[in-house]
Amino acid sequence: MSTKRLLIIEENLKTASSLKQSLNEFGYEADIAYVDETGEALALSGHYDLVLIAVKTIESDGYQFCRNVRENNYQVPILILSASEKIEDKLCGFECGCDDYLSIPFHTSELKARIRVLLRRVMEAPVAVDTIQIADLEINRYAKTAFRNRRPIKLSSKEYNLLEYLAVNRGKVVSRSELSEKAWNKKFDQRSNIVDVYINSLRNKMDNGHHQSLIKTRIGFGYVMQEQ
């Protein structure tokens, strides 16, 4: 059985390092990220089996972080570690979408038991994650996220839908009207260059810092996703 990967979301590096050490001793691989866009993209990447979010007060950004993950429909187990034992804080955590809530301080044996229960639930009811891999581009269709060389690409919903449609139809030249109607469910307006604008924006985000451009233009026809 492969080693489970856990993601720690924590703003205090000292606390995160201590937690990471404990998780390693439990036999898990653990990474540390902050409560920011990069951390959110990692939580949604499909690369982790469980996310631990440390929060201090009910005003903590960690609660909004938890809510953002759940609103993106990704069902990775979330365990909130909180310095508060107040019932209203616990209720807030569950309302934001966490699967379990553990108050600090806690005994490491209890943390280990909580993690094992959450991971067992996932094993009993596995979620299929549909991933598309093209060169060093990885698209997680369940989490609606994209990575290039394992680095997250921050995309708007329209940009992501274009990318996913091109990737699903890799090797096929797709017209602007097809992209508008199939990727966006929007009737194509021949007078508008909106598809081209979004394709250019997508290219800037996806190809920045990379030698290989994956989206090719076929003048007079449309666009195609291919490695060469």
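Which elements do the buried residues of H7 pack against? A few notes on this predicted model, starting with that one.

1. **Helix H7.** The buried residues of H7 pack against three partners: helix H6 (157-168), helix H8 (194-207) and strand E11 (222-225). H7 itself covers residues 176-183, and its buried residues are Glu 178, Leu 179, Ser 180 and Ala 183. Have a look at what comes after the helix, too: H7 is followed by Asn 185, which has a positive phi, near 55 degrees.

2. **The chain as a whole.** I'd keep the general picture in mind while going through the details. The protein chain has eight helices and 11 strands, and its C-alpha atoms fill a box of roughly 65 × 35 × 35 Å along the principal axes. Of the 228 residues, 44% are buried. If you take the contacts with a separation of 6 or more, 56% of them are between residues 24 or more positions apart.

3. **The surface and the charges.** About 12400 Å² of the protein chain is exposed, and carbon and sulfur atoms supply 47% of that. On the charge side, there are 32 positive and 31 negative charges, and their mean positions are 6 Å apart. Two patches deserve their own points, so to speak, and they follow here.

4. **The positive patch.** Lys 112, Arg 116, Arg 120 and Arg 121 gather on the surface as a patch of positive charge. Take Arg 121 as one of its members: this residue sits in helix H5, which runs over residues 108-124. Is Arg 121 partly exposed or exposed? Its relative accessibility is 48%, so Arg 121 counts as partly exposed.

5. **The negative patch.** Its counterpart in sign is made up of Glu 11, Asp 36, Glu 37 and Asp 61, which gather in a patch of negative charge on the surface. Glu 37 belongs to helix H2 (residues 37-43). With a relative accessible area of 53%, Glu 37 falls in the exposed class, because exposed means over 50%.

6. **Arg 67 and Gly 97.** One more pair to click on. Arg 67 is found in helix H3 (residues 61-71) and has a relative accessible area of 29%, so Arg 67 is partly exposed. Along the chain, Arg 67 and Gly 97 are 30 residues apart, yet their C-alpha atoms are separated by 6.0 Å.

Definitions and conventions
Residues numbered from 1 in each chain as written. Predicted model: local features only at pLDDT ≥ 70, side-chain atom pairs only at ≥ 80, totals over all residues. Heavy atoms only, no water. Patch = residues over 30% accessible without salt bridge, like charges linked within 9 Å, V, L, I, M, F, W, Y side chains within 5 Å. Areas by Shrake-Rupley, 256 points an atom, 1.4 Å probe, with all protein chains shown as cover. Salt bridge = Lys/Arg side-chain N within 4 Å of Asp/Glu carboxyl O. Lys, Arg positive; Asp, Glu negative; His and termini not counted. Charge placed at Lys NZ, Arg CZ, Asp CG, Glu CD. Helix = DSSP H or I, 4+ residues; strand = E, 2+ residues; numbered from the N terminus. Buried < 20%, exposed > 50% of the residue type's maximum accessible area, 1.4 Å probe, protein only. Contact = heavy atoms within 4.5 Å.
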